[in-house]
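Grab a coffee and work through a few short exercises on the structure below. Try each task by yourself before you read its solution.

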Amino acid sequence: SLLAPAGAYEATVTGTALPPVELDWQSVAGSPVSGLLADPEDPGRIDATVTGPDGETIPARISLQAGPDAPTGAALLRVVPDLEGKATLFVPAGTYTMTGSRGPTWSICRADVTVAAGAASSVECAIEEEVHTHGWVAADLHTHSELGIDSTMHRHLRVEAHVAEGINFFAATDHDIFADYAPIIEEMGASDLLMSSLGNEVSLLYAHFNCLGCTAEKFSYFEAPWVNFDEDGEVEGIMTAPQIWKIMREDFGAKVIQINHPREGTAYFDHIGYDPEVGPASVPPGARDFQAEPRQGW
């Protein structure tokens with residue numbers, strides 16, 4: 001219910017898997033409006049499944065596009081990663097294109113499906129491994145989740161998404177916090193499909209660095225610091241990159257330190273003026289191992 005000043009109005013009613021319903025109504029001072037009824041067409045349900053060459057369901061990403069045989073670049077209406085290669089999708093009545101995939105080393109499959117209002121339709125297609133990767137590991141070493149300031153992805157969904165894209169190993173690198181995915185992976189029964197490592201994207205103002213293969217006892221923000229404080233707790237300034245790297249190695253056992261997005265924005269290579277055509281000689285002698293003091297003013 002709502003209150004509105006007297007006058008003529010147009011309303012649009014929308015909902016999950018419902019086509020919009022347009023309504024015109026009048027608000028009369030001091031009088032309730034009765035009989036304002038929206039009755040959209042019922043949605044349809046699509047039960048989608050992706051199988052492997054043997055006909056058994058496999059982890060996969062299921063995507064849905066509008067129309068039959070939709071162009072591969074057409075807008076995606078739904079994207080569902082699933083450890084069993086299954087998805088239940090509620091959509092307005094119509095015809096759709098379902099695509100099943102599992103990362104770049106597998107084929108894709110596509111199938112059209114038509115669903116009526118209030119009815120259910122099933123669609124299934126099969127994929128197979130095109131590139132055999134024995135001895136190799138597909139890894140993602142820069143990931144974010146609901147723990148960070150720039151992502152809302154639930155951590156369980158992150159696990160499903162990695163498996164559905166054929167990732168074997170990933171590092172949790174949310175901004176300024178360590179995260180342990182091992183309990184979640186085990187809880188979801190995905191331990192034979194995916195491994196994880198503690199990580200942390202240390203996000204100082206002029207650059208972002210990943211601490212990879214780390215150890216941590218606490219999972220609170222800013223355990224890996226990037227600000228110097230004096231004895232009274234007052235901020236003295238931002239640490240230099242070498243100071244941060246030293247802490248990563250000595251305090252958190254970093255096996256790899258990764259310079260993230262080194263060009264544009266919070267870009268360390270831009271910050272130190274590194275020219276890839278010239279090489280290390282393009283930066284001051286003290287920064288030739290990418291160990292530069294912050295520029296004046298930071």
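What follows is a set of exercises on a predicted model, each with a worked solution.

**Exercise 1. The disulfides**

Task: Find out how many disulfides there are and which cysteines they join.

Solution.
- Step 1: Look for cysteine sulfur pairs within 2.5 Å. This search gives 2 disulfides.
- Step 2: Take the pair of Cys109 and Cys125, whose S to S distance is 2.0 Å. That passes the 2.5 Å cut-off, so Cys109 and Cys125 count as a disulfide.
- Step 3: Do the same for Cys211 and Cys214, with sulfur atoms 2.1 Å apart. Cys211 and Cys214 form a disulfide too.
- Step 4: Number the bonded cysteines along the chain, and the pattern reads 1-2, 3-4.

**Exercise 2. Handedness and setting of the disulfides**

Task: For the link of Cys109 and Cys125, work out whether it is right-handed or left-handed, then do likewise for Cys211 and Cys214.

Solution.
- Step 1: Check the torsion about the S-S bond of Cys109 and Cys125. It comes to about 50 degrees, so this disulfide is right-handed.
- Step 2: Place the two ends of that link. Cys109 sits in strand S8 (residues 109–115) and Cys125 in strand S9 (residues 120–126), so to speak distant parts of the chain, 16 residues apart.
- Step 3: Turn to Cys211 and Cys214, where the value about the S-S bond is -135 degrees and the link is left-handed.
- Step 4: Add the burial, with under 20% relative accessible area as the cut-off for buried. Cys109 has 6%, so it is buried, and Cys125 is buried as well with 9%. Cys211 has just the value 1% and counts as buried, while Cys214 is buried at 6%.

**Exercise 3. Three salt bridges**

Task: Pick out some of the salt bridges and say where their partners lie.

Solution.
- Step 1: Keep the idea in mind: side chains of opposite charge can pair when their charged atoms come close. The cut-off here is a nitrogen to oxygen distance within 4 Å, and the structure holds 6 salt bridges.
- Step 2: Try Arg61 and Glu165, which meet at 3.5 Å, N to O. Arg61 belongs to strand S4, and Glu165 to the loop between helix H1 (155–164) and strand S11 (169–172), so the pair ties together parts that are 104 residues apart in sequence. Both ends are partly exposed: Arg61 at 28% relative accessibility and Glu165 at 29%.
- Step 3: Go on to Lys246 and Glu250, a salt bridge with an N to O distance of 3.0 Å. These residues are 4 residues apart in helix H3 (residues 241–252), so about one helical turn separates them. Lys246 is partly exposed at 47%, whereas Glu250 has 55% and is exposed.
- Step 4: Finish with Asp270 and Arg263, whose closest N and O atoms are 3.0 Å apart. Asp270 is partly exposed at 33%, and Arg263 is partly exposed with a relative accessible area of 33%.

**Exercise 4. A patch of charge**

Task: Name the residues that gather in a patch of negative charge on the surface, and decide whether Glu236 is buried or exposed.

Solution.
- Step 1: Collect the members, which are Glu231, Asp232, Glu234 and Glu236.
- Step 2: Locate Glu236, and you land in strand S15 (residues 235–238).
- Step 3: Compare its accessibility with the 50% cut-off for exposed. Glu236 has 56%, so it counts as exposed.

**Exercise 5. Backbone and loops**

Task: Say where Ala17, Phe222 and Thr57 are found, and add what the backbone shows at Ala17 and Phe222.

Solution.
- Step 1: Start with Ala17, in the loop between strand S1 (7–15) and strand S2 (18–27). Its phi is positive, about 65 degrees, even though Ala17 is not a glycine. Ala17 is also buried, at 8% relative accessible area.
- Step 2: Phe222 is not a glycine either, and has a positive phi of about 65 degrees. You'll find Phe222 in the loop between strand S13 (207–212) and strand S14 (227–229).
- Step 3: Thr57 is in the loop between strand S3 (44–51) and strand S4 (60–66), and counts as partly exposed at 35%.
- Step 4: From Thr57, go to Ser122, 65 residues apart along the chain: the two C-alpha atoms are separated by 14 Å.

Definitions and conventions: Residues numbered from 1 in each chain as written. Predicted model: local features only at pLDDT ≥ 70, side-chain atom pairs only at ≥ 80, totals over all residues. Heavy atoms only, no water. Helix = DSSP H or I, 4+ residues; strand = E, 2+ residues; numbered from the N terminus. Buried < 20%, exposed > 50% of the residue type's maximum accessible area, 1.4 Å probe, protein only. Patch = residues over 30% accessible without salt bridge, like charges linked within 9 Å, V, L, I, M, F, W, Y side chains within 5 Å. Areas by Shrake-Rupley, 256 points an atom, 1.4 Å probe, with all protein chains shown as cover. Salt bridge = Lys/Arg side-chain N within 4 Å of Asp/Glu carboxyl O. Lys, Arg positive; Asp, Glu negative; His and termini not counted. Charge placed at Lys NZ, Arg CZ, Asp CG, Glu CD.
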